[in-house]
Amino acid sequence: MLTTGKLVRDRIPQIIRADGAEPEVYVAEPAEYRERLRAKLAEEVAEYMDADETDAPEELADVLEVAFALAADLGVNADQLEKIRASKAEQRGGFSERIVWTGNR
């Protein structure tokens, strides 16, 4: 379990330095990176869930950024991920029709 620190975007240390502070950072090993990405996904999803309609698109973009990073960690680039998404949508549909399943008869 991770107890200290959090995964941040790549330019955050630069931004902190530009504000006159010196960040304490390190580069995570692969296993820790994957664990921290999963934690970041949960964090970003929670922020999206709490966002109002004005902030929701930005929070959703953060979710997407983490999803792309998770895919890259698995060796899947954004184009491949989109192909997987499109294939699933073709086979099973998307969510645009707003169908809610309540069980079988």
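In this predicted model, the secondary structure of the protein chain consists of four helices and zero strands. Read along the sequence, the elements follow the pattern α-α-α-α. The radius of gyration of the protein chain is 18 Å, well over the 13 Å that the globule rule gives for 105 residues, so the chain is more spread out than a compact globule. The dimensions can be read from the C-alpha trace, which spans about 60 × 35 × 30 Å along its principal axes.

How much of the chain is buried? Of the 105 residues, 13% are buried. The accessible surface comes to about 9300 Å², and carbon and sulfur atoms account for 54% of that area. Contacts along the chain were examined as well: among those between residues at least 6 apart in sequence, 54% join residues at least 24 apart. As for charge, the protein chain carries 14 positive and 23 negative charges, and the mean positions of these two groups are 8 Å apart.

One residue deserves a closer look. Glu 44 is placed in helix H2, which covers residues 30–50. Is the side chain of Glu 44 paired or unpaired in a salt bridge? Glu 44 is buried yet has no salt bridge. The nearest side chain of opposite charge belongs to Lys 40, 4.1 Å away, while a salt bridge calls for a side-chain nitrogen of Lys or Arg within 4 Å of a carboxyl oxygen, so this pair does not count as one. Leaving aside residues up to four places away in sequence, Glu 44 touches Glu 59, Asp 62, Val 63 and Val 66. Two of these neighbours, Glu 59 and Asp 62, count as negative, as Glu 44 itself does.

Notes: Residues are numbered from 1 along each chain as its sequence is written. This is a predicted model: local features need pLDDT of at least 70, side-chain atom pairs count only at pLDDT 80 or more; totals for chains, interfaces and linings use all residues. Side-chain values use heavy atoms; hydrogens and water are left out. Helices (H or I, at least four residues) and strands (E, at least two) are DSSP runs, numbered from the N terminus. Buried means under 20% relative accessible area, exposed over 50%, partly exposed in between (1.4 Å probe, protein chains only). Contact means heavy atoms within 4.5 Å. The radius of gyration is taken over C-alpha atoms; the globule rule is 2.2 Å times the number of residues to the power 0.38. Accessible areas come from the Shrake-Rupley method with a 1.4 Å probe; for residues, only the protein chains shown count as cover. The place of a charge is taken as NZ of Lys, CZ of Arg, CG of Asp or CD of Glu.
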